[in-house]
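Subject: Structure for you to look at

Hello,

Here is the structure I said I would pass on. My notes follow beneath.

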Amino acid sequence: MLTAAPIATRQILQIQDLTVSFDGFKALNGLNFSLDEGELRVVIGPNGAGKTTLLDVLTGKVRPTKGCVLFKGKDLTKLKEHQISVLGIGRKFQTPRIYQNLNPRENLELSLNPHKEVFPTLFGRRDLRDKVDALLETIHLVHKDRIPAGLLSHGEKQWLEIGMVIAQDPDLLLLDECVAGMTDKETEATGELIQSLAKNHTILVIEHDMVFVRQIARKVTVLHQGALLCEGSFEEVKNDPRVIEVYLGSHKRG
Amino acid sequence: MKVLHSPHTPDGITTPAQGLDLSPRNKLLLEAGVLMGVLLLLIFVFPAVLSGFRLNLLGRFLALSIVALGIDLIWGYTGMLSLGQGVFFALGGYALGMHLSLQLPDGRIPEFFSLYGVTELPWFWRPFYSFSFTAIAIFLIPALVASALGYLVVRNRIRGVYFSILTQATTIIFFNFFNGQQRLINGTNGLTSFTTLFDLNINSAEMRFAIYVATILFVALAYVLCRYLTSGLFGRILVAIRDDEPRVRFSGYDPTGFKVLVFAVAAGLAGIAGALFTLQTGIISPNAMSVPFSIEMVIWVAVGGRSSLIGAVIGAVLVNFAKSLLSESFPEIWLFFQGGLFLLVVMVLPDGLVGWVRTQGRQLWIIFQLWRRRLAKTSLA
Ligand SMILES: Nc1ncnc2c1ncn2[C@@H]1O[C@H](COP(=O)(O)OP(=O)(O)O)[C@@H](O)[C@H]1O
Ligand SMILES: [Mg+2]
């Protein structure tokens, strides 16, 4: 392991030689990847590159076939989903997954609850009201806090789920295509939100929308066929011939 | 899984569309008031107006509504459709049934044992001489069985249809086992001919009334317990598990404990219901563990409305009254009627009677408001 860089930027996440195969098909193929603490990283790549699968591994949904995943020095491949969540990884899914029959307030309370075992949840006293109010403010849902979340617009659902992830107060936020289906205005506001969250969180954003990537990106990683294609600033990556090739080749919008 | 259940919020949560803008505290007070009113009605008014026969039926059906409350807790709120509640119901029934059968002078054992040449009470029945032990066993044994079964099933992430099938298979196993045990529990015939409890004749009018009142109190207790579990954060998590269990894991919760706990509670309630039912019908047999009976229980809840706890109680009482009325006059059509009822509910009233009343009520309320506003406008003009 690399040590003793004088300006100690600790790595919060280290992935080595990660392979995930589904019936022989390698969705991830020998991926090496790491994140510094406090970093905001954008991962792009054509459809099917393995971006979502990467998040599945990081949240315990999928067990890797091979490889090693360390988060804050702990091996994630041995932990269950809820243990990983409690350890400090929060995820926003590609298609919003909120609790449709609960209202935004209840959705947030559920995520905010600091003690997630059965009996503390049942008998514990907690006052989360102020925190919920503040979060509702952040995600612009104050006026819709008491309608079933299933009735929110697509963009609002995306926001609510981002709010739920923030509520978990994770050290690492994983955001999978969180501006999909948002209006331009909503997208821009989301960008601002992510920028402000980046001040005290490590964030991994998976994105398709290049305008959005330009807005938030500091460092971009390109995945292709389950492996790392290249890494660098937005401009570097955009002009990299391999990236252009991959994106044109797959006929997909970046 | 992404289906939005219509107004499927747990009881007592204000939604603005409801119009009645009471604070949560006042809503709770209102609910407590209504509950008290219903209790008083059941205890003081019904006995005066119903015949002894109907009152006895009402008592039985109220006992059944306790199982229904448990089913609503695990199915309506948590999404676990158990087709095996009859097992827990029967376990409670057998526990009390044996205690009643053991109301004998020293040294004598229930008569049926002698039919099979058993001369000494099997050891595991001995503690059932004690009422305190029996009272605890009635809910604890079903709850423990459910915990063990639930833990094995839930931990292995078996849910949905597979959970239902497994609970049904359990029912079949228990049914066959109990039917085959003549020497221990009188097999197919079950336990019957009870006469005394606390040295009192259980068939006297006073005792019957006391049992009726006790049943009502247990329904109230069961309601309050389920209400407590389904409101607040714990209840929200149950709903979240029902709607998207994998997501709950990513929110940091392990659903296993939550599901096992409510499954055990529902089983405990089923046990209590079984005991109270046995007390009022005078018999407990393996029939209580038959597959159709467990399915019927689910139908009660579906008819009443799994969107609410009240719905479970109403469904159990109404469906059973319909059953007794219909089968008094036309015994052969009841089964068709029941099947039709279930189809009707599934297709026309997916949220049951209470769900229907709620949505209709809300619409009527809105119409009423509009009408009032218009009236105010015209009177101003
Ligand atoms: N559970 C699964 N079973 C089989 N194949 C899968 C599964 N999950 C993902 N894949 C495949 O792995 C590849 C990568 O998928 P994904 O990670 O979703 O890509 P991306 O998010 O980059 O578009 C795709 O070809 C997809 O079909
Ligand atoms: Mg994806």
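What share of the contacts in chain B with a separation of 6 or more is made by residues 24 or more positions apart? The share is 80%. For chain A, residues 24 or more positions apart account for 65% of the contacts with a separation of 6 or more. Please keep in mind throughout that this is a predicted model.

Confidence

The predictor gives the complex an ipTM of 0.87 and a pTM of 0.87. Chain B has a mean pLDDT of 85, and 92% of its residues reach 70 or more. In residues 1-19 of chain B the pLDDT is below 50, although this stretch has 59 contacts in the model beyond near neighbours in sequence.

Chain A

Chain A contains ten helices and ten strands. Its radius of gyration is 19 Å, and the globule rule gives 18 Å for 254 residues, so chain A is as compact as a globular protein of that length. Along the principal axes, the C-alpha atoms of chain A fill a box of roughly 55 × 45 × 40 Å.

Of the 254 residues in chain A, 55% count as buried. The accessible surface of the chain comes to about 11800 Å², and 52% of that belongs to carbon and sulfur atoms. As for charge, chain A carries 32 positive and 33 negative side chains, with the centres of the two sets 4 Å apart.

Two loop residues in chain A have a positive phi, and I list them here for when you go through the backbone. Most residues other than glycine have a negative phi.

- Asp23(A) has a phi near 50 degrees. This residue sits in the loop between strand S1 (11-22) and strand S2 (25-36) of chain A. Its relative accessible area is 84%, and since anything over 50% counts as exposed, Asp23(A) is exposed.
- Lys72(A) has a phi near 45 degrees. The loop that holds Lys72(A) runs between strand S4 (66-71) and strand S5 (74-75) of chain A. With a relative accessible area of 37%, Lys72(A) is partly exposed.

A residue in contact with the other chain

Which residues of chain B does His82(A) contact? Leaving aside neighbours within four places in sequence, His82(A) is in contact with Arg249(B), Gly252(B), Tyr253(B) and Asp254(B). His82(A) belongs to helix H2 of chain A, which covers residues 81-87. Is this histidine buried or exposed? The relative accessible area of His82(A) is 13%, and the cut-off for buried is under 20%, so His82(A) is buried.

Chain B

Chain B has 14 helices and four strands. A compact globule of 381 residues would have a radius of gyration near 21 Å, and the 22 Å of chain B agrees with that. The C-alpha trace of chain B spans about 90 × 55 × 40 Å along its principal axes.

Buried residues make up 50% of the 381 residues in chain B. The chain exposes about 17700 Å², with carbon and sulfur atoms supplying 71% of this area. Chain B has 26 positive and 17 negative side chains, and the centres of these two sets lie 11 Å apart.

Two residues in and after helix H12 of chain B may be worth displaying.

- Val317(B) is part of helix H12, which covers residues 309-329 of chain B. With a relative accessible area of 14%, Val317(B) is buried. Not counting residues up to four places away in sequence, Val317(B) touches Leu58(B), Phe61(B) and Leu62(B). Val317(B) and Leu62(B) are 255 residues apart along the chain, yet their C-alpha atoms are separated by 6.3 Å.
- Ile333(B) lies in the loop between H12 and helix H13 (334-348) of chain B. Its relative accessibility is 34%, and Ile333(B) therefore counts as partly exposed. From C-alpha to C-alpha, Ile333(B) is 9.8 Å from Lys323(B), and the two are ten residues apart in sequence.

Regards

Notes
Residues numbered from 1 in each chain as written. Chains lettered and ligands numbered in written order. Heavy atoms only, no water. Rg over C-alpha atoms; globule rule 2.2 N^0.38 Å. Buried < 20%, exposed > 50% of the residue type's maximum accessible area, 1.4 Å probe, protein only. Contact = heavy atoms within 4.5 Å. Areas by Shrake-Rupley, 256 points an atom, 1.4 Å probe, with all protein chains shown as cover. Lys, Arg positive; Asp, Glu negative; His and termini not counted. Charge placed at Lys NZ, Arg CZ, Asp CG, Glu CD. pLDDT = per-residue confidence, 0-100.
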